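Visitor: Before we discuss any labels, could you put the model in front of us?

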Amino acid sequence: MRAARLTPIARTGAALLMAALFGLAPAAPALADDSASPSPSASASAGPPTEAGTDFRTATAVQQGERATADASTGDYLYWAFPGDTGQDITVKATVTFPSTSVTHAASTWQIDVYDGLRRHQPCRYGMASRQAAPGATSVELSCTLRTVTSYADTWSNAPLRGAYYIRLATTDIAQTDLGLPVQAAVEATASDAGGSAAADGSVTPLVPRESASVVPSGGWSSTWWSARWLWSAGGAALAALAGIGGYALTRGRGRPRDIPREV
C-alpha cells in the first residue's frame, strides 16, 4: 500500500498544528523594526505652555516652576491653572511685554487675580498685584504672594485650600485707542514650604474641578495625616513625663520617719 503524499499546504498546516501542540513557534522572517527610529512627536520633549485659556473652564494647566507664555492682545482675559498643595507659600509672578512694533498711546493698568478651586478670590498677602504701565513702556511686572495653603479650614475663613488655583491676567484700565494692541504675557507660580507651624488638624479632598482634572502636582498630592505637629506633641509629652518624674524625685523625701519611743 503506497503512503499518501502531503501537499505543501498540508505540510504547512501540520507544522503549525505541531507548533501549537508543543509550544513551538516557527521561525518567522525578520521584519524591519519601525520602533527603532522614534517619531518626531515622541522624541520632542513637552515644554512649558505657550498659550492661555479665555475663562476658568479653558484655563491652561501649568506646573509650579514652569514659565508659561502666551501671545495676546490688550483687552483679552488670560487664564492659567496650577496645583497648590498643603503647607505651601505660593508666589505668582506675571510679566506683560509690549513688542517694539506696538506703541501705547496712553497709560494702562494691569492686574493678576488668583482664585482657588472653588473660584474664590484669594487676596495677596504682599506683592504688587496691580500696576500701571506708563505710556510707551516696554513691560510691566506683577506679583502676588498668597496666604499659606492649608489642608483644612472653616468655611467662614476663606482660607486657601489645597487643589487647583487659577491665574487671571487682564488689563483693568486702558484707552479705547489701545484696545487690540499685541502683547506678550508670561506667568510663573513658585512655592516654598511654610513649615509645621502652618499645619492644620483635618483635611479635605483636593479642590480640583472636573475641567481642570490635569492640574496635579508632578509628585502627586501630599499626605495630610502627617505633619510636624506630631513631633511637637511627642516632644511635649516626653518633657511632661520627665518633669513629673523629676518633681516626684524632689518631693518624695527620704522615706517614712522612724518611730520615736514614748517616754515612760
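The conversation below turns to a disulfide and to a sheet.

Guide: This is a predicted model, in which local features need pLDDT of at least 70 and side-chain atom pairs count only at pLDDT 80 or more, while totals for chains, interfaces and linings use all residues. Residues are numbered from 1 along each chain as its sequence is written, and side-chain values use heavy atoms, with hydrogens and water left out.

Visitor: Why is the link between C124 and C144 called a disulfide?

Guide: The term requires a pair of cysteine sulfur atoms within 2.5 Å, and the S to S distance from C124 to C144 is 1.9 Å, so the pair meets the definition.

Visitor: What makes the disulfide of C124 and C144 left-handed?

Guide: The torsion about the S-S bond is about -110°, and the disulfide of C124 and C144 is therefore left-handed.

Visitor: Why is C144 called buried?

Guide: Buried means under 20% relative accessible area, exposed over 50%, and partly exposed in between, with a 1.4 Å probe and protein chains only; C144 has 0% and is therefore buried, whereas C124, at 30%, counts as partly exposed.

Visitor: How do you know that strand β4 and strand β10 pair?

Guide: Strands are DSSP runs of E with at least two residues, numbered from the N terminus, and two of them pair if DSSP finds at least two bridges between them. Strand β4 (residues 88-97) and strand β10 (residues 182-193) have 10 bridges in the antiparallel sense, so they satisfy that criterion. A94 has V187 in β10 as its bridge partner.

Terms used:
Helices (H or I, at least four residues) and strands (E, at least two) are DSSP runs, numbered from the N terminus.
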